[in-house]
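Ready for a few exercises in reading a structure? Have the sequence and the model side by side, try each task on your own, and then follow the worked solution.

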Amino acid sequence: MAWLVDYPREKVNWFPTIDPEKCVKCGICMNCGKNVYDWTENGPVVARPYNCLVGCMTCANLCLGKAISFPDLNELREFYKKEGMWAKVKKQLKEEGKIK
Ligand code: SF4
Ligand code: SF4
């Protein structure tokens, strides 16, 4: 995964949480291209949290009920800093010929 290179996805605290009190069952979160959610008779559930793209917040941004939240983005940026992720991703992108 380009955003993490070979870092284990399960060790990164980044996935959505739904507040069922706020969810109005608009369904737009089911549009996630990474198949994170399942639809149940009670609305969406986060069925595959580690499928979520690290850093993505599209479903939260478009959620009609403002029911979806994510961990603090600053913590994610601190993780990137601590693990030297920017340099690792850049190295991989160079190897793939995506940047010079
Ligand atoms: S986008 Fe938000 S309000 Fe709509 S179904 Fe999903 S969690 Fe509920
Ligand atoms: S943040 Fe992006 S990848 Fe993660 S569940 Fe929402 S739409 Fe899917």
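**Exercise 1. Locate Glu83, decide whether it is buried or exposed or in between, and find its contacts.**

Solution.
- Step 1: Place the residue. Glu83 sits in the loop that links α2 (73-82) with α3. Bear in mind that this model is predicted.
- Step 2: Check the accessibility. Glu83 has a relative accessible area of 22%. Buried would require under 20%, so Glu83 is classed as partly exposed.
- Step 3: Look for contacts, setting aside neighbours within four places in sequence. Glu83 then touches Tyr7 and Lys88.
- Step 4: Compare sequence with space for one of these partners. Glu83 and Tyr7 are 76 residues apart in sequence, while their C-alpha atoms are 9.2 Å apart.

**Exercise 2. Describe the protein chain as a whole: which elements does it have, and in what pattern along the sequence?**

Solution.
- Step 1: Count the elements. The protein chain has three helices and four strands.
- Step 2: Put them in sequence order. The pattern reads β-β-β-α-β-α-α.
- Step 3: Fit a box. Along the principal axes, the C-alpha atoms fill roughly 45 × 25 × 20 Å.
- Step 4: Ask how much is buried. The protein chain has 100 residues, and 27% of them count as buried.
- Step 5: Turn to contacts between residues at least 6 apart in sequence. Of these, 59% join residues at least 24 apart.

**Exercise 3. Into which domains is the protein chain divided, and how many residues does each give to the contact?**

Solution.
- Step 1: Take the bounds. Domain 1 covers 13-69 and domain 2 covers 72-100.
- Step 2: Find the spacing. The C-alpha centres of the two domains lie 25 Å apart.
- Step 3: Count the residues in the contact. Domain 1 supplies four residues and domain 2 supplies five.

**Exercise 4. Which residues surround ligand 1 and ligand 2, and how do the shells divide by class?**

Solution.
- Step 1: List the shell of ligand 1. Cys23, Val24, Lys25, Cys26, Gly27, Ile28, Cys29, Trp39, Pro44, Cys63, Gly65 and Ile68 surround ligand 1.
- Step 2: Sort that shell. Nine of its residues are nonpolar, two are polar and one is charged.
- Step 3: Identify the space. Ligand 1 occupies the largest cavity.
- Step 4: Repeat the listing for ligand 2. Around ligand 2 are Pro16, Cys32, Lys34, Val36, Tyr37, Cys52, Leu53, Cys56, Met57, Thr58, Cys59 and Phe70.
- Step 5: Sort again. The shell of ligand 2 has 10 nonpolar residues, one polar and one charged.

**Exercise 5. Where is Asp38, and which residues does it touch?**

Solution.
- Step 1: Place the residue. Asp38 belongs to strand β2.
- Step 2: Classify it. Its relative accessible area is 31%, so Asp38 is partly exposed.
- Step 3: List its contacts, leaving out residues up to four places away in sequence. Asp38 touches Met30, Gly43, Pro44, Val45, Ala47 and Arg48.
- Step 4: Take one partner further. Asp38 and Arg48 are 10 residues apart along the chain, with 8.4 Å between their C-alpha atoms.
- Step 5: Link back to the ligand shells. Pro44, a contact of Asp38, is also one of the residues around ligand 1.

**Exercise 6. What is the phi of Val5 and of Asn35, and where do these residues lie?**

Solution.
- Step 1: Recall the usual case. Most residues other than glycine have a negative phi.
- Step 2: Read Val5. Its phi is positive, about 55°, although Val5 is not a glycine. Val5 lies in the segment before β1 (17-18).
- Step 3: Read Asn35. Here too phi is positive, near 60°. Asn35 is part of the loop between β1 and β2 (37-40).
- Step 4: Add accessibility. Asn35 counts as partly exposed because its relative accessibility is 45%.

**Exercise 7. Are Asp6 and Gly97 buried or exposed, and where in the chain are they?**

Solution.
- Step 1: Begin with Asp6, which is in the segment before β1. With a relative accessible area of 68%, Asp6 is exposed.
- Step 2: Relate Asp6 to Ser69. The two are 63 residues apart in sequence and 26 Å apart from C-alpha to C-alpha.
- Step 3: Move to Gly97, in the segment after α3 (85-95). The cut-off for exposed is over 50%, and at 55% Gly97 is exposed.
- Step 4: Relate Gly97 to Gly33. They are separated by 64 residues in sequence and by 25 Å between C-alpha atoms.

Note on methods: Residues are numbered from 1 along each chain as its sequence is written. Chains are lettered from A and ligands numbered from 1 in the order in which they are written. This is a predicted model: local features need pLDDT of at least 70, side-chain atom pairs count only at pLDDT 80 or more; totals for chains, interfaces and linings use all residues. Side-chain values use heavy atoms; hydrogens and water are left out. Helices (H or I, at least four residues) and strands (E, at least two) are DSSP runs, numbered from the N terminus. Buried means under 20% relative accessible area, exposed over 50%, partly exposed in between (1.4 Å probe, protein chains only). A residue is near a molecule or strand if one of its heavy atoms lies within 4 Å of it. On a 1 Å grid over the protein atoms alone, a cavity is a set of points where a 1.4 Å probe fits but cannot get out, and a pocket is an open set with protein on both sides within 12 Å along at least five of seven lines; lining residues have an atom within 4 Å of a point. A molecule sits in a cavity or pocket if more than half of its atoms lie within 2 Å of its grid points. Ala, Val, Leu, Ile, Met, Phe, Trp, Tyr, Cys and Pro count as nonpolar, Asp, Glu, Lys and Arg as charged, and the others, Gly among them, as polar. Domain bounds come from an automatic or database domain assignment. Contact means heavy atoms within 4.5 Å.
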